[in-house]
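Student: I would like to learn how to read a sheet and the helices around it. Could you take me through one case with care?

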Amino acid sequence: MTPAALIRLNGCACGQPAHPSPATWQHGRVTAATHSTLFPQGPGDAQHVAAPSDADAVLAGLDPEQREVATALHGPVCVLAGAGTGKTRAITHRIAYGVRAGILQPSTVLAVTFTNRAAGEMRGRLRHLGANGVQARTFHSAALRQLQYFWPKAVGGGMPRLVDRKIQLVADAAAACRIRLDRGELRDVTAEIEWSKVTQTIPAEYALAAAKAGREAPRDPAEIAQLYTTYEDLKRDRAVIDFEDVLLLTVAILQDRHDIADQVRAQYQHFVVDEYQDVSPLQQRLLELWLGDRDNLCVVGDASQTIYSFTGATPDHLLDFRTRHPGATVVKLVRDYRSTPQVVHLANGLLTQARGRAADHRLELISQRPPGPEPVYTEHTDEPAEAESAAHRIRELLDSGVPASEIAILFRTNAQSETYEQALADAGIPYQLRGAERFFDRPEVRKAGLALRGAARFGGNDALLDETVDLPSQVRAVLSGEGWTTTPPAGSGAVRERWESLAALVNLAHDFATARPDATLGDLVAELDERANAQHAPTVQGVTLASLHSAKGLEWDVVFLVGVAEGMMPITYAKTDPQIEEERRLLYVGVTRARSHLHVSWSLARSPGGRPNRRPSRFLDGLRPGSATTSNRSGTGATGGIERGHVHIATGVPVPRRTQRTPARCRICGRTLTDAGELKLMRCEDCPTDMDEGLYERLRQWREVQARRSGQPAFCVFTDKTLIAIAEAAPDDEGELARIPGVGVRKFKRYGTDVLAICAGHEPEAEEDED
């Protein structure tokens, strides 16, 4: 495809006058790197410290493996670098050594990483090593400069405007398609479009590609494909491009215009790529075009830290490097300078139980630090108790002289932050939330607060509250209008995060009513206001609260890993083996953020007085004191106690038969089940569900029709628990339906055909109403 054709496809053709071309495209419209206070200077990096006197001095202080990296300046080089092993030090000294030795010309080196922060840190280190003039940039920054410079030559006219945020364009596309998307769905659909573009998936191929990748589409795949197409049309009509187009268009130009590709390759002759396990297919293609037929490439990465596959990142390029470059030099960095032997031992233990391709290439870290304290494992009765315990321990650390900035609380989802924000605020401990809005600043929480405030004032005239009997039921009724449901939506993303925020408010109302049985809705609103005001106190230095994803690349002296229980770690919607293994790697990243002190905790119940049916994460089996190693655990847990093969007399269909020897266990957390309702669901009442909400609603509506026809209560058709079990299992055939507890012989014969039709997405055969 020609550049002009791709430009038309991506909505970039325009007749704007050309901008004046910069004097050199290498530095066009880019501010020179300057020292930033965001990156504290280490002993060897302080500005007052003179640069190394010569090339040999650059190598001083490197360990043998780092020195091997620094001196391997020719041909392809692959550096497999474990957490805390000094990979940035190794590659910056490699570049500096090559420059100081006269082997590399600074202007011909391009070092690529994934965040502006990492690129800035790399530039700072290179300056202090006397390697001025080396370009250290993100993929997008490097591609954008090339696109700006070559646009007039390759396309003509001025380059289209780059939109900072594409979500408004997605909203406009939805309006054009007459598809209603709430704020959460807008974010999710935007993420799907971004994923499609970095994996080079066109709209017509989205549905197949998403299914193959195992993605949980936030809407019907056909709708997303339609939105994707309309989004691209709108960009073309408005003469704008998005973030992903920068890479796509650069790739198109370099593929089609060999003269331009040759000019780029003449400029950049040596490449270094950091965090190579996170490259997307599109970034890999751009790198290949930059390289051409040369092999002066050094890549650095760790497959065990691949945690962004949902954005299109894949470790395959790192793991296949030696296949693509048979003569490559491979160096493994395993000396861990960050963490104590005790922390490293736990990190290594997590990976020894891992499976899959990344696990086959795991690195066994060797701590270079003196011994420290053993990781502390703590079990709590409920989540507030877990948060209060963390706050108490942090107060002790602060009183002993540990800076608040050297302490972090890490959790799996942003929705968990509220409990810890409140516990720290109650203890008078300053904190900063990284990578997410404060709980009470989130739009859905603010909107829910307004709805609760309105209900508190005018609830007497609200029919929605007529049948509520207590404060929790009032809150549930109000928040149901904001999107809260009794069961969470399937999958991850913004819709799930929004539901988690609303669920946190529902849980808070329950806990508040337990503590104050006579509390009114107005009392709860006042409590929410008080909490919000307390958490808005300005803080400069404080304990870091962060999700595990946003903690990547950071480190602290003390780390609290909280909520490390089944259903949260791994997260409940991680079902396939690759998804489970990515969850394990996420916990590994969390563990390796700690330098000295590591606290791992979980709670048995969500709220005080709740059923203690949770269990510690399977990832800790065999690692925490008193636990045994388990193996071959599936993503959905065991279905123990169910014996297949017993044939139904009336239907001839295999159905389950309860054995007396093996108890039934929850398929989510593994707890023994005894309650009849839980036995129907094969999970604990409080465990997260993967129920198909749409299917459940269709089944419920069908049940109402059947009940009306038969003149009996709805539960006589199927109970709520049985409908939930059906919606969770979504049976494809008679055998699967018959195995669901609550579907007996009579109901199977009477309703089986209808239920299977509904599960298949069809309408059941119409029946005439009985007289």
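Tutor: We will go through the strands, then the helices. Please keep in mind that this is a predicted model.

Student: How should I begin with the sheet, and in what order do its strands lie?

Tutor: As a general idea, strands of a sheet pair through backbone hydrogen bonds, either parallel or antiparallel. Here six strands form an open sheet in the order E3-E2-E6-E7-E1-E8, and the pairing is parallel. The edges are E3 (135–138) and E8, each of which pairs on one side only, while neighbouring strands of the sheet are turned by 15° against each other on average, with direction ignored.

Student: Which strands does E1 pair with, and over how many bridges?

Tutor: Strand E1 (residues 77–81) runs parallel to strand E8 (residues 329–333), to which five bridges join it, and Cys 78 of E1 stands opposite Val 330 in E8. E1 also pairs in the parallel sense with strand E7 (residues 297–301), over four bridges, with Leu 80 opposite Gly 301 in E7. E7 in turn pairs in the parallel sense with strand E6 (residues 270–273) over three bridges, where Val 273 stands opposite Val 299.

Student: Are the residues of E1 buried or exposed?

Tutor: E1 is mostly covered, since five of its five residues are buried. Val 77, Val 79 and Ala 81 point one way from the strand, whereas Cys 78 and Leu 80 point the other way, and all are buried.

Student: Which helices lie against this sheet, and at what angles?

Tutor: Helix H3 (residues 64–71) packs on the sheet, where it touches E1 and E8, and its direction makes about 145° with that of E8. Helix H13 (residues 281–291) lies across E2 (109–113), E6 and E7, and runs at about 160° to E6.

Student: How do I describe two helices that meet each other, such as H16 and H24?

Tutor: In general, two packed helices are described by the angle between their axes and the distance between the axes. The axes of H16 (residues 341–352) and H24 (residues 577–591) come within 9 Å and cross at roughly 175°. Angles over 145 degrees count as roughly antiparallel, and H16 and H24 are therefore roughly antiparallel to each other.

Student: Which residues meet there, and of what kinds are they?

Tutor: From H16, Val 343, Leu 346, Ala 347, Leu 350 and Leu 351 meet Arg 584, Leu 587, Tyr 588 and Val 591 in H24. The residues of this contact divide into eight nonpolar, no polar and one charged.

Note on methods. Residues are numbered from 1 along each chain as its sequence is written. This is a predicted model: local features need pLDDT of at least 70, side-chain atom pairs count only at pLDDT 80 or more; totals for chains, interfaces and linings use all residues. Side-chain values use heavy atoms; hydrogens and water are left out. Axes are lines fitted to C-alpha atoms, for helices over the stretch in contact, and angles run from 0 to 180 degrees between N-to-C directions. Angles under 35 degrees count as roughly parallel, over 145 as roughly antiparallel, 65 to 115 as roughly perpendicular and the rest as oblique. Contact means heavy atoms within 4.5 Å. Ala, Val, Leu, Ile, Met, Phe, Trp, Tyr, Cys and Pro count as nonpolar, Asp, Glu, Lys and Arg as charged, and the others, Gly among them, as polar. Buried means under 20% relative accessible area, exposed over 50%, partly exposed in between (1.4 Å probe, protein chains only). Two strands pair if DSSP finds at least two bridges between them.
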